[in-house]
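Reader: Hello! I would love a close look at one part of this structure, the surface that the protein turns towards the DNA. Could you walk me through that part and then show me how it fits with the rest?

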2 protein chains.
Amino acid sequence: MTTRTGRPPRLSRAQILTAASELIAQDGADALTMRRLAARLDVTPMAVYHHVRNKEELLLLLLDEVAAGIERPELPDDPRERMIRAARTMHDTLARVPWAVEVLTADDLLSPAALWYPEQIVDAAVTCGLSAADAVRAYRAIWYYTAGEILVRAAAARRRAADDRKTFRARLFDSLDHTEWPRLATVADEWDRLTEADTYEPGLRALVEGLLAGR
Amino acid sequence: MTTRTGRPPRLSRAQILTAASELIAQDGADALTMRRLAARLDVTPMAVYHHVRNKEELLLLLLDEVAAGIERPELPDDPRERMIRAARTMHDTLARVPWAVEVLTADDLLSPAALWYPEQIVDAAVTCGLSAADAVRAYRAIWYYTAGEILVRAAAARRRAADDRKTFRARLFDSLDHTEWPRLATVADEWDRLTEADTYEPGLRALVEGLLAGR
DNA sequence: ACCTGAACACCGTTCAAGT
DNA sequence: ACCTGAACACCGTTCAAGT
């Protein structure tokens with residue numbers, strides 16, 4: 001029987017993670033600073049460091065939480081539709097936590113729990129007739145498209161919130177030289193509407209169709 | 001004839017932009033801070049503010065420089081190949097300045113000079129038989145894929161430089177549960193090689209093929 | 001007009017000390 | 001063991017003053 005010495009903990013890792021998630025949810029990923037986090041927990045900044053090595057570890061722990069809560073819906077039997085559904089779910093899950101994509105952009109693989117997505121996609125691609133190598137390449141193309149969509153839309157949302165850029169694009173389109181860019185001039189009026197619409201899935205379907213062309 | 005008064009300028013906007021570009025080129029986008037920039041120019045931080053409103057304006061000016069130096073190669077006559085060549089050029093140009101993509105992720109449109117890319121792509125798509133709206137959607141899908149590729153690869157390069165993650169992925173794959181993720185287990189050994197290879201173009205071709213399916 | 005110096009309100013993190 | 005307090009080395013930016 002071990003005797004616990006020292007004073008009882010006021011803070012726990014779980015509390016820290018909860019507070020951090022709340023901060024991000026409320027004010028965005030940039031609002032997560034060690035000092036603000038500490039203030040919200042009503043402790044010194046350094047108290048947090050006793051439970052978490054540094055900010056990077058904190059972010060990785062938050063990612064693990066996201067990964068742990070990942071959806072694994074029933075997927076269609078048809079492998080092509082299975083690819084699409086798996087990618088769509090991956091997209092929708094991550095689109096709810098765009099900061100996570102920013103944190104891990106690099107790693108097309110997330111933490112172990114999130115491996116479910118590439119596993120399903122690669123497996124479905126192989127079932128469709130791709131070689132293992134081509135299936136991995138197909139997964140990567142899907143990941144680029146998906147990560148790009150999430151990052152671009154998240155950044156666009158920030159702009160809209162900050163409002164500093166709406167005018168920028170408007171100015172750009174207003175000043176559009178109709179002879180130099182005739183095609184863009186034609187679509188200028190529709191651009192915003194088309195841009196705000198969710199077109200993830202049609203693009204995904206086009207990509208998958210192209211990746212599986214001839215099989 | 002206007003009489004110039006006050007002391008002669010030691011600093012110019014052009015000098016500031018040059019120094020800023022050099023800083024980014026040497027040490028990455030994170031290395032660009034107003035204070036470091038000032039130090040490199042051998043002036044007070046605040047001297048810079050006399051030529052540039054703030055950091056955001058500085059970044060936008062740098063983007064303009066990138067846009068101004070954009071390549072406009074002869075494009076193939078075949079509209080499908082024209083889409084691909086335009087996208088490929090856009091990609092290659094931006095891949096050389098990944099920080100620019102990070103700055104503007106949001107805006108699928110860059111500054112006026114860079115409108116050449118969407119103009120070519122949308123125009124080629126319409127020539128291929130897409131409606132104006134579908135052509136814009138096609139351009140957006142291409143932009144997501146392209147921006148995603150650049151951002152993911154840039155982040156991966158940073159990781160490789162910092163080296164903090166290579167071990168992470170290795171650990172992940174070593175600990176891979178072969179029964180839970182059979183497909184990933186199969187490709188685990190090849191993953192790094194496949195991931196480092198440049199597969200932008202095949203993915204792009206697949207995407208374009210899917211977007212133009214049936215035309 | 002162009003630049004300096006001091007200052008403010010922030011960061012992440014280290015280190016020594018308190019209980 | 002758990003936390004505080006002071007400090008360090010950074011940020012971007014404002015404001016008042018110098019030449």
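Author: Happy to! A good place to begin is the balance between backbone and bases on DNA strand C: of its atoms within 4 Å of the protein, 53% belong to sugar or phosphate, and the rest to bases. Please keep in mind that this is a predicted model.

Around DNA strand C there are 22 residues, and the closest are A:Arg35, A:Met46, B:Arg10, B:Thr44 and B:His51. By class, this surface is made up of eight nonpolar, seven polar and seven charged residues.

Let us go through some of the phosphate contacts. In chain A, a polar side-chain atom of A:Thr33 sits 3.3 Å from a phosphate oxygen of DNA strand C. A:Met34 uses a polar backbone atom instead, 2.9 Å from a phosphate oxygen of the strand. From chain B, a backbone N or O atom of B:Leu11 is also found 2.9 Å from a phosphate oxygen of DNA strand C. As for secondary structure, the elements that give two or more residues to this surface are α2 (34-41) and α3 (45-49) of chain A, along with α3 (45-49) of chain B. With three residues, α2(A) gives the most.

Now for DNA strand D. It too has 22 residues around it, and those that come nearest are A:Arg10, A:Thr44, A:His51, B:Arg35 and B:Met46. Of the atoms of DNA strand D within 4 Å of the protein, 54% belong to sugar or phosphate, while the rest belong to bases. The surface near DNA strand D has eight nonpolar, seven polar and seven charged residues.

Here, a polar backbone atom of A:Leu11 is 2.9 Å from a phosphate oxygen of DNA strand D. A:Thr44 brings a polar side-chain atom to 2.4 Å from a phosphate oxygen of DNA strand D. A base is contacted as well: an N or O atom in the side chain of B:Arg35 lies 2.4 Å from a base nitrogen of DNA strand D. Two or more residues each come from α3 of chain A and from α2 (34-41) and α3 of chain B. The largest share of this surface belongs to α2(B), with three residues.

How do the two protein chains relate to one another? Chain B is superposed on chain A by a rotation of 180 degrees with 0.0 Å of shift along the axis, at an RMSD of 0.1 Å. That is the relation of a two-fold axis. Both copies use the same surface, as 100% of the contact residues of chain B recur in chain A.

To finish, here is one place where the chains meet. Helix α7 (residues 116-127) of chain A packs with helix α10 (residues 182-196) of chain B at an angle of about 85 degrees, and their axes are 8 Å apart. Angles of 65 to 115 degrees count as roughly perpendicular, and therefore α7(A) and α10(B) are roughly perpendicular to each other. On the α7(A) side the contact is made by A:Pro118, A:Glu119, A:Val122, A:Asp123 and A:Val126, and on the α10(B) side by B:Pro182, B:Arg183 and B:Leu184. Sorted by class, the residues of this contact are five nonpolar, no polar and three charged.

Notes. Residues numbered from 1 in each chain as written. Chains lettered and ligands numbered in written order. Predicted model: local features only at pLDDT ≥ 70, side-chain atom pairs only at ≥ 80, totals over all residues. Heavy atoms only, no water. Least-squares fit on C-alpha atoms with pLDDT ≥ 70 in both. Contact = heavy atoms within 4.5 Å. Axes fitted to C-alpha atoms, helices over the stretch in contact; angles between N-to-C directions. Helix = DSSP H or I, 4+ residues; strand = E, 2+ residues; numbered from the N terminus. Parallel < 35°, antiparallel > 145°, perpendicular 65-115°, else oblique. Nonpolar A, V, L, I, M, F, W, Y, C, P; charged D, E, K, R; others polar. Near = heavy atom within 4 Å. Polar contact = N/O pair within 3.5 Å; in protein donor to acceptor, adjacent residues only side chain to side chain.
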